[in-house]
Amino acid sequence: MKPRHARIDRRKLLSGGMSMAAAFAVTGRPAAASDADIVVIGAGAAGIAAARTLREAGRKPIVLEARRRIGGRAFTDASLGPAYDAGAMFIHWAERNPWVQIARDLGIATAAESWGSGFKVFAEGRPMADEDRRRRRAAFGQIDRRLETVDLGQRDMSIAELLGDLGPDQAPIAASGLLLSIGEESSRISARDYQRLWAGDDLVVPSGYGNLVAASATGLDIRLDEPVSAIRWGSRGVTVTSRSGEIRAQGCIVTVPVGVLKAGAIRFTPELPAATRDALAGIHMGALTKIAFRVEGDRFGIAPGTSFLEAGAPGRLVNFDMFPDGRDLVIGYFGGDYARKLSEAGTEEARTQIVDMLAQMVGGDFRKTVKAVSFPAWWTDPFARGSYSVCAPGHEGARAALAQPIGGRLLIAGEATAGGGAMTVGGATLAGRAAAATLARLKA
Ligand SMILES: Cc1cc2nc3c(=O)[nH]c(=O)nc-3n(C[C@H](O)[C@H](O)[C@H](O)COP(=O)(O)OP(=O)(O)OC[C@H]3O[C@@H](n4cnc5c(N)ncnc54)[C@H](O)[C@@H]3O)c2cc1C
């Protein structure tokens with residue numbers, strides 16, 4: 001089974017507690033015009049791993065991070081009181097994921113993903129009719145089944161094309177699960193890239209995956225609130241411009257999300273080579289999105305950990321974790337163009353639409369229980385510009401091309417360059433380590 005960042009059939013545990021990200025001291029040290037060894041841009045999983053690997057190789061990396069916190073798209077949000085992972089939550093393919101060992105080394109517990117307390121499917125707020133449920137079940141697994149038999153050797157295709165023979169009734173249902181796993185519409189996903197994604201067991205981090213990632217950064221020279229706006233690169237070194245000045249360095253690892261690079265937030269001089277620009281053109285950002293409500297009072301007889309899936313319209317699939325782990329939270333997951341539209345509409349509109357949806361399923365009194373909302377809209381977040389990278393059909397080579405060193409001193413690394421580990425925290429970490437190993441060979 002492919003990595004699935006939002007399960008529609010299982011429950012996960014996440015206990016509350018103070019966010020390590022919030023507790024992490026901001027260095028506050030300005031990045032004044034100065035010389036440095038190697039600059040790493042971005043303090044997410046890839047940037048932290050790169051900096052750690054460079055340190056282990058005896059180098060002195062400086063990490064410049066645009067946000068006022070560490071962890072990037074791994075973020076345990078405690079703003080509602082009970083904490084939840086607003087970005088990454090699962091340690092996917094745990095058998096080979098470096099985060100299992102990192103957690104162990106830090107003394108942070110991981111746990112097997114637990115089965116939930118039930119699963120209810122709705123269509124436009126009403127329990128889905130048996131006949132429609134049967135049709136849904138028949139569509140399940142069609143992608144993996146086709147990938148086992150189709151010959152992608154001659155040419156790549158989109159997942160929508162892969163499912164084309166299912167017909168206009170079944171194909172959208174079969175594809176709809178991708179909105180919750182890849183966060184993208186099936187017509188924009190390369191079947192070859194999808195096929196190579198690693199699969200395996202999932203673990204969760206009860207104290208928060210975001211908190212774990214932030215904890216792994218302890219001791220590194222990370223400068224927060226330092227958005228990088230320009231990089232000059234050449235055979236003799238790089239000069240990086242961020243909010244408080246310029247840093248000249250031997251080399252640079254850029255770990256900002258592909259969406260940020262594509263938006264032109266960092267000006268490269270000279271411009272990036274054609275091969276890198278082509279690679280970027282073949283990768284875009286999906287839009288898996290969560291919305292969390294703090295709820296108080298009546299639980300309407302719903303057992304903690306029950307899943308409610310609104311599946312009336314295949315393009316607007318929303319899965320809800322009801323009171324996960326007994327917490328006073330309801331967390332909704334959705335993706336693709338619906339998530340893009342809601343993100344652009346803003347928090348109030350998203351709250352209205354999603355609470356309406358829940359009120360239809362649970363009953364009108366549900367509205368009274370909603371006390372606060374958290375809407376981490378990664379799609380409109382200037383430092384993410386989406387949830388994670390997706391290769392367009394015909395562009396499955398783009399990840400490897402993007403990882404190629406540029407002029408010997410500049411490297412792009414992150415989940416987007418992680419091959420079969422793409423889209424995940426574990427992949428970002430492996431990509432960060434690999435980039436660092438390349439730059440560590442530069443003469444100091
Ligand atoms: C809703 C959601 C659910 C997910 N679920 C899972 C999951 O269950 N399991 C899983 O493994 N993965 C999951 N992911 C994906 C995972 O979060 C990412 O793949 C991973 O965190 C990416 O790490 P990274 O270091 O490549 O990028 P990031 O974490 O994005 O780090 C890049 C850093 O660069 C910073 N930055 C951006 N622009 C600038 C700039 N101009 N100057 C300086 N710094 C800048 C950013 O602020 C950020 O901190 C999920 C993602 C989302 C959004």
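How do the residues of the shell around the ligand divide into nonpolar, polar and charged? In this predicted model, the shell comprises 23 nonpolar, eleven polar and five charged residues. Altogether 39 residues surround the ligand, and the closest of them are Ala46, Glu65, Arg73, Phe90 and Val228. Two helices, α2 (45-56) and α17 (425-439), each contribute at least two residues to this shell.

Several polar contacts can be followed from the ligand into the protein. A polar side-chain atom of arginine 67 is placed 2.9 Å from an oxygen atom of the ligand, while a backbone N or O atom of alanine 45 lies 3.2 Å from a ligand oxygen atom. Methionine 423 also takes part through its backbone, with a polar atom 3.3 Å from an oxygen atom of the ligand. Considered alone, the ligand would expose 1,000 Å², and the protein buries 99% of that area.

Turning from the ligand to the space that holds it, one finds that the ligand occupies the largest pocket, which contains about 710 Å³ of space. This pocket is lined by 48 residues, of which Gly71, Gly72, Arg73, Pro257 and Phe383 are the closest to its centre. Arg73 is thus named both among the residues closest to the ligand and among those closest to the centre of the pocket. The lining receives at least two residues from each of α2, β11 (228-234), β16 (289-295) and α17, and its residues divide into 28 nonpolar, 13 polar and seven charged. Helices α2 and α17 therefore appear in the pocket lining as well as in the shell around the ligand.

Technical notes. Residues are numbered from 1 along each chain as its sequence is written. This is a predicted model: local features need pLDDT of at least 70, side-chain atom pairs count only at pLDDT 80 or more; totals for chains, interfaces and linings use all residues. Side-chain values use heavy atoms; hydrogens and water are left out. A residue is near a molecule or strand if one of its heavy atoms lies within 4 Å of it. A polar contact is a pair of N or O atoms within 3.5 Å; within protein, one must be able to donate a hydrogen and the other to accept it, and residues adjacent in sequence count only if both atoms are side-chain atoms. Accessible areas come from the Shrake-Rupley method with a 1.4 Å probe; for residues, only the protein chains shown count as cover. On a 1 Å grid over the protein atoms alone, a cavity is a set of points where a 1.4 Å probe fits but cannot get out, and a pocket is an open set with protein on both sides within 12 Å along at least five of seven lines; lining residues have an atom within 4 Å of a point. A molecule sits in a cavity or pocket if more than half of its atoms lie within 2 Å of its grid points. Helices (H or I, at least four residues) and strands (E, at least two) are DSSP runs, numbered from the N terminus. Ala, Val, Leu, Ile, Met, Phe, Trp, Tyr, Cys and Pro count as nonpolar, Asp, Glu, Lys and Arg as charged, and the others, Gly among them, as polar. Grid points are joined across faces, edges and corners, and a volume is the space filled by probe spheres set on the points.
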